[in-house]
Amino acid sequence: SSASAVYAPALSYLKARALGIPFMLGGMALVGVSRGLRDTRTPLIALCASTAVNGALDLLAIRLLPARYALAGLGAATALSQLVGVVVLACALSARTRPSGGAPARWPAPSA
């Protein structure tokens with residue numbers, strides 16, 4: 001039947017796509033932090049970078065992978081593109097929240 005013909009490829013896509021769930025959630029959290037800092041430009045830049053990576057990886061997956069692996073490759077491409085978005089956001093927020101000396105911020109030492 002046609003339902004069983006699409007089950008295995010759909011399952012492989014979902015398994016590969018599920019690898020990106022932590023990146024998706026991290027990205028949502030970092031977008032919230034950016035918005036709290038009144039910065040909407042950085043999430044837009046991260047989204048553009050993520051979309052460009054996803055498009056490029058999708059083309060590679062479709063062109064280079066055998067048909068039986070193409071859907072899993074598309075799911076992995078989406079997961080990797082979400083990782084790129086999180087890295088862009090994290091780097092931008094890290095640079096923005098550093099003190100003027102450029103050193104990473106540190107928690108104050110506990111008082112005795």
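A pocket is an open set of grid points with protein on both sides within 12 Å along at least five of seven lines. The exercises below use this term, and they concern a predicted model.

**Exercise 1. The fold**

Task: State how many helices and strands the chain has, and give their pattern along the sequence.

Solution:
1. The count gives four helices and zero strands.
2. Read along the sequence, the pattern is therefore α-α-α-α.
3. The chain has 112 residues, and 21% of them count as buried.
4. Among contacts with a separation of 6 or more, 78% are made by residues 24 or more positions apart.

**Exercise 2. The largest pocket**

Task: Describe the volume of the largest pocket, the residues that line it and the elements that give two or more residues to its lining.

Solution:
1. The volume of the largest pocket is about 210 Å³.
2. Its lining consists of 14 residues, and those nearest the centre are Gly27, Val31, Leu47, Gly85 and Leu89.
3. Two or more lining residues come from each of α2 (21-36), α3 (41-64) and α4 (67-96).
4. By type, the lining has ten nonpolar residues, four polar ones and no charged ones.

**Exercise 3. Val31 in the lining**

Task: Take Val31, one of the residues nearest the centre of the largest pocket, and decide whether Val31 is buried, partly exposed or exposed.

Solution:
1. Val31 belongs to helix α2.
2. The relative accessibility of Val31 is 28%. Buried means under 20% and exposed means over 50%, so a value in between counts as partly exposed.
3. Val31 is therefore partly exposed.
4. Beyond its neighbours within four places in sequence, Val31 is in contact with Pro43 and Leu89.
5. Ala46 is 15 residues from Val31 along the chain, and their C-alpha atoms are separated by 9.4 Å.

**Exercise 4. Helix α2 and what follows**

Task: Compare the span of α2 with the expected span, then describe Arg38, just after this helix.

Solution:
1. α2 has 16 residues. The expected span is 1.5 Å times one less than the number of residues, which comes to 22 Å for α2.
2. From first C-alpha to last, α2 reaches 23 Å, close to the expected value.
3. Arg38 sits in the loop between α2 and α3.
4. Although Arg38 is not a glycine, its phi is positive, at about 60 degrees.
5. With a relative accessible area of 79%, Arg38 is exposed.

**Exercise 5. The salt bridge**

Task: Find which residues form the salt bridge, and say where they lie in the chain.

Solution:
1. A search of the whole structure finds one salt bridge.
2. Its partners are Arg96 and Asp39, with the closest N and O atoms 3.5 Å apart. The cut-off for a salt bridge is 4 Å, so this pair qualifies.
3. Arg96 is in helix α4 and Asp39 is in the loop between α2 and α3; the two are 57 residues apart, so the pair links distant parts of the chain.
4. Asp39 counts as buried at 11% relative accessibility, whereas Arg96 is partly exposed at 45%.
5. Side chains of opposite charge can pair when their charged atoms come close.

**Exercise 6. Thr78**

Task: Decide whether Thr78 is buried or exposed, and list the residues it touches.

Solution:
1. Thr78 is part of helix α4.
2. Its relative accessibility is 15%, so Thr78 counts as buried.
3. Not counting residues up to four places away in sequence, Thr78 touches Tyr13, Arg17 and Asn54.

Notes:
Residues are numbered from 1 along each chain as its sequence is written. This is a predicted model: local features need pLDDT of at least 70, side-chain atom pairs count only at pLDDT 80 or more; totals for chains, interfaces and linings use all residues. Side-chain values use heavy atoms; hydrogens and water are left out. On a 1 Å grid over the protein atoms alone, a cavity is a set of points where a 1.4 Å probe fits but cannot get out, and a pocket is an open set with protein on both sides within 12 Å along at least five of seven lines; lining residues have an atom within 4 Å of a point. Grid points are joined across faces, edges and corners, and a volume is the space filled by probe spheres set on the points. Ala, Val, Leu, Ile, Met, Phe, Trp, Tyr, Cys and Pro count as nonpolar, Asp, Glu, Lys and Arg as charged, and the others, Gly among them, as polar. A salt bridge is a side-chain nitrogen of Lys or Arg within 4 Å of a carboxyl oxygen of Asp or Glu. Buried means under 20% relative accessible area, exposed over 50%, partly exposed in between (1.4 Å probe, protein chains only). Contact means heavy atoms within 4.5 Å.
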